[in-house]
Amino acid sequence: MKRVAILISGGGSNMVSLARSMTGDHPARPVLVLSNRPEAGGLAKARDLGIPTRTLDHRGRPREEFDAELAQILTESGAEIAAFAGFMRILSPRFFEGYGGGMLNIHPSLLPKYPGLNTHARAIEAGDQEAGCTVHEVIPELDAGPILGQARVPIALGDSAETLAERVLPMEHQLYPEVLRRYAMGDRTPVFLG
Ligand code: GRF
């Protein structure tokens, strides 16, 4: 049974989907939800789900010190897998020196297109016909690790970043749990939805 730590910064809808998927004969269980923002709404949702929570406030902290402590907390939690889910921090090499488990992230674009922020607005601006989300393994280069899953949705005429996000987010909630389930079994066959 793999132990999973889920890292959030905001509402944690992906964390909820992941946590709810890890039941029954699923090969993993959530052991920790950690947020870099004490006010993150996802922390209350994690507590409602009975998952231990931690906050590690990044404000006023040198990046390297924050990253070293974050890695230490994850290592001490015993989590073999860290699932980043709306975790809005860029990790420095110090983090990777301190944590050796598996690491997954969900990004709201069809990587390698649109790494970084404002992905939906950029896809609309570029006149793309479709958008989506990607689950990938985390490596030191931002949003660049091996792709383990993607879900595609059409971009509709008149879409705003908000209406497009509303169409992509439910696909994130389908994609990420399926990728995590396979990853926890050592299966890296990519998942493609939509
Ligand atoms: C989602 O769009 C996710 O792709 C991005 O953060 C957004 C919020 O996620 N990484 P959540 O509701 O906090 O899981």
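Which element gives the most to the lining of the largest pocket? In this predicted model, the answer is H6, with five residues. That pocket also holds the ligand, and the points below describe the ligand, the pocket around the ligand, and two backbone features in one loop.

**The ligand and its surroundings**

- The ligand sits in the largest pocket.
- Two elements, helix H1 (13–21) and helix H6 (161–184), give two or more residues to the shell around the ligand.
- The residues surrounding the ligand are Gly11, Gly12, Ser13, Asn14, Gly86, Ile106, Pro108, Leu169 and Glu172.
- By class, this shell has three nonpolar residues, five polar residues and one charged residue.

**Polar contacts of the ligand**

- At Ser13, an N or O atom of the side chain is 2.6 Å from an oxygen atom of the ligand.
- At Asn14, a polar backbone atom is 2.8 Å from an oxygen atom of the ligand.
- At Gly12, a polar backbone atom is 2.9 Å from an oxygen atom of the ligand.
- On its own the ligand has 370 Å² of accessible area, and the protein covers 78% of this area.

**The largest pocket**

- The volume of the largest pocket is about 920 Å³.
- The lining of this pocket is made up of 40 residues, and those closest to the pocket centre are Gly86, Phe87, Met88, Ile106 and Pro108.
- Of these central residues, Gly86, Ile106 and Pro108 are also listed among the residues that surround the ligand.
- At least two lining residues come from each of H1, strand S5 (102–107), helix H5 (119–125), strand S6 (130–137) and H6.
- H6, the element that gives the most to the lining, is also one of the elements that give two or more residues to the ligand shell.
- Sorted by class, the lining has 20 nonpolar, 14 polar and six charged residues.

**The loop between S5 and H5**

- Pro112 lies in the loop between S5 and H5, and the peptide bond that leads from Leu111 to Pro112 is cis, with omega near 10°.
- Tyr114 is found in the loop between S5 and H5 as well.
- Although Tyr114 is not a glycine, Tyr114 has a positive phi of about 60°.
- The two elements that this loop joins, S5 and H5, each supply at least two residues to the lining of the largest pocket.

Technical notes. Residues are numbered from 1 along each chain as its sequence is written. This is a predicted model: local features need pLDDT of at least 70, side-chain atom pairs count only at pLDDT 80 or more; totals for chains, interfaces and linings use all residues. Side-chain values use heavy atoms; hydrogens and water are left out. A residue is near a molecule or strand if one of its heavy atoms lies within 4 Å of it. A polar contact is a pair of N or O atoms within 3.5 Å; within protein, one must be able to donate a hydrogen and the other to accept it, and residues adjacent in sequence count only if both atoms are side-chain atoms. Accessible areas come from the Shrake-Rupley method with a 1.4 Å probe; for residues, only the protein chains shown count as cover. On a 1 Å grid over the protein atoms alone, a cavity is a set of points where a 1.4 Å probe fits but cannot get out, and a pocket is an open set with protein on both sides within 12 Å along at least five of seven lines; lining residues have an atom within 4 Å of a point. A molecule sits in a cavity or pocket if more than half of its atoms lie within 2 Å of its grid points. Helices (H or I, at least four residues) and strands (E, at least two) are DSSP runs, numbered from the N terminus. Ala, Val, Leu, Ile, Met, Phe, Trp, Tyr, Cys and Pro count as nonpolar, Asp, Glu, Lys and Arg as charged, and the others, Gly among them, as polar. Grid points are joined across faces, edges and corners, and a volume is the space filled by probe spheres set on the points.
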